[in-house]
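Hi,

Here is the structure I promised to pass on. Have a look at it first, and then read my notes underneath.

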Amino acid sequence: MKLKRVLGWSAIAIPLALLVAAFIAYWTSGNTCDDPNIAAPGNPMQAIVYCDYGSADVLRLENIEKPVPADDQVLVKVRAAAVNPLDWHYMRGTPYIMRIEAGLRKPKDTRMGVDFAGTVEAVGRNVTRFKPGDDVFGGRSGALAEYVTARADRAVVLKPPNLTFEQAAAVPIAAITALQGLRDEGKVQPGQKVLINGASGGVGTFAVQIAKSFGANVTGVCSGRNADLVRSIGADHVIDYTKEDYTQSGEHYDVILDNVANRSLSDNRRVLKSDGKYVLIGGGGPNDQGWIGPLAGPVKTLFLSPFVSQDMGMLLAELNKEDLTILSDLMQAGKVTPVIDRRYRLSEVPAAIRYLEEGRARGKVVITLE
Ligand SMILES: NC(=O)c1ccc[n+]([C@@H]2O[C@H](COP(=O)([O-])OP(=O)(O)OC[C@H]3O[C@@H](n4cnc5c(N)ncnc54)[C@H](OP(=O)(O)O)[C@@H]3O)[C@@H](O)[C@H]2O)c1
């Protein structure tokens with residue numbers, strides 16, 4: 001009787017306590033914008049900052065303190081940066097599940113951007129890989145700024161001399177995603193038939209070229225207006241999705257790299273060889289996110305994969321210097337050339353993000369700081 005009463009009270013008290021804890025965590029979560037003691041920057045630089053989640057209207061170009069490199073860091077004068085869908089995910093805090101890490105009510109980190117290219121201005125005393133004057137590119141949060149610091153042993157490498165800063169800045173997230181998707185998940189081999197859904201976007205334009213460099217026979221799916229672009233970067237076949245559904249083509253592919261996720265897994269399986277590999281990269285615009293957004297696809301692939309002969313997987317790309325070096329070599333060899341769609345200035349980042357959110361970018365959208 002006593003146990004029953006304890007269980008009964010617990011059933012009410014535990015969810016109530018969790019609710020109160022979530023409520024407190026939500027209302028106490030904040031960021032440096034709430035701090036009235038922050039002094040005016042003594043040595044200022046311009047950076048894109050946001051204090052609250054929302055549309056691109058929340059982004060501000062502000063003067064903040066110029067960073068000083070720690071012992072294991074380099075200080076880079078940013079000459080160009082690039083924007084990615086990742087940036088508008090952080091800006092909007094969607095899908096909402098990501099706020100567990102990014103900040104429940106407001107963004108914990110008020111800085112924006114990841115991809116950058118620039119010149120090393122100073123190095124920490126333990127840094128031997130780089131010296132002032134080196135031109136580099138890489139990925140580091142807070143890259144939409146005049147300066148960024150990055151750990152010298154992380155995702156930063158020398159810029160190939162044959163690339164402009166804008167081209168180099170276009171590379172990190174999009175090209176690493178394409179490389180890891182095709183090589184690590186897709187395990188693409190020479191002669192294999194590879195389909196890239198969303199071949200004209202940031203990831204897609206790198207994926208077409210990287211798959212060709214692996215010796216694959218590449219089919220790119222894009223709209224008619226981008227067909228010539230996708231052919232020009234090496235695709236052997238192009239499917240105009242406004243006229244033809246690739247999942248009804250009757251073809252069978254060894255690997256599908258899916259940057260759009262606009263077809264069901266069973267539709268994709270229909271055009272995958274019996275031992276083929278489906279690699280989900282992402283998909284969906286700002287209005288499709290909700291609570292778990294693109295994570296619904298990976299959950300389904302996880303459940304489906306053990307029951308079918310094909311390998312249904314997803315990729316969560318990871319920035320690292322080894323893969324940046326591989327990409328650097330491919331670009332020096334002329335096998336991969338970044339495709340740049342539009343250029344914006346640092347003050348125009350809100351416009352750049354708005355354009356990216358439309359989902360119509362043809363290659364990469366870059367920010368020029370020179
Ligand atoms: N998993 C990861 O680690 C990872 C890493 C990077 C990116 N991502 C995700 O991957 C996705 C793609 O990223 P991105 O940088 O390539 O985006 P993006 O540059 O914004 O992609 C825009 C491109 O998508 C094309 N597109 C739109 N609807 C299409 C459709 N129905 N069929 C074929 N193409 C279509 C557009 O071509 P049209 O104008 O011709 O339609 C446009 O060229 C995003 O969802 C991003 O969040 C995931």
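Below is what I found when I went through it.

First, a caution: this is a predicted model. The protein has eleven helices and 15 strands. Its radius of gyration is 23 Å, close to the 21 Å that the globule rule gives for 370 residues, so the protein is as compact as a globular protein of that length. If you want a feel for the dimensions, the C-alpha trace spans about 75 × 60 × 35 Å along its principal axes.

Two helix pairs caught my eye. Let's start with α2 (residues 85-92) and α11 (residues 349-357), whose axes come within 10 Å and cross at roughly 105°. That crossing makes α2 roughly perpendicular to α11. On the α2 side, the contact is made by Pro 85, Asp 87, Trp 88, Met 91 and Arg 92, while α11 brings in Ile 353, Leu 356 and Glu 357. Sorted by class, the residues of this contact are five nonpolar, three charged and no polar.

The other pair is α5 (residues 172-185) with α10 (residues 321-332), packed at an angle of about 95° with their axes 10 Å apart. These helices are therefore roughly perpendicular to each other. From α5 come Pro 172, Ala 175, Ile 176, Leu 179, Gln 180 and Arg 183, and they meet Asp 323, Leu 324, Ile 326 and Leu 327 in α10. Here the classes come out as seven nonpolar, one polar and two charged residues.

Next, a pocket. The second largest one holds about 310 Å³ of space. It is lined by 17 residues, and the closest to its centre are Thr 32, Ile 38, Val 49, Ile 64 and Thr 110. Which element gives the most to this lining? That would be strand β2 (residues 60-65), with four residues. The lining as a whole has eight nonpolar, three polar and six charged residues.

Finally, two spots in the backbone to click on. Most peptide bonds are trans, and most residues other than glycine have a negative phi. Against that background, the bond from Thr 94 to Pro 95 is cis, with omega near -5°. You'll find Pro 95 in the loop between α2 and α3 (99-102). Then there is Lys 187, where phi is near 50°, a positive value in a residue other than glycine. Lys 187 sits in the loop between α5 and β8 (193-197).

Over to you, and have fun with it!

Note on methods. Residues numbered from 1 in each chain as written. Predicted model: local features only at pLDDT ≥ 70, side-chain atom pairs only at ≥ 80, totals over all residues. Heavy atoms only, no water. Axes fitted to C-alpha atoms, helices over the stretch in contact; angles between N-to-C directions. Parallel < 35°, antiparallel > 145°, perpendicular 65-115°, else oblique. Contact = heavy atoms within 4.5 Å. Nonpolar A, V, L, I, M, F, W, Y, C, P; charged D, E, K, R; others polar. 1 Å grid on protein atoms, 1.4 Å probe; cavity = no way out; pocket = protein on both sides within 12 Å on 5 of 7 lines; lining within 4 Å. Points joined across faces, edges and corners; volume = space filled by probe spheres on them. Rg over C-alpha atoms; globule rule 2.2 N^0.38 Å.
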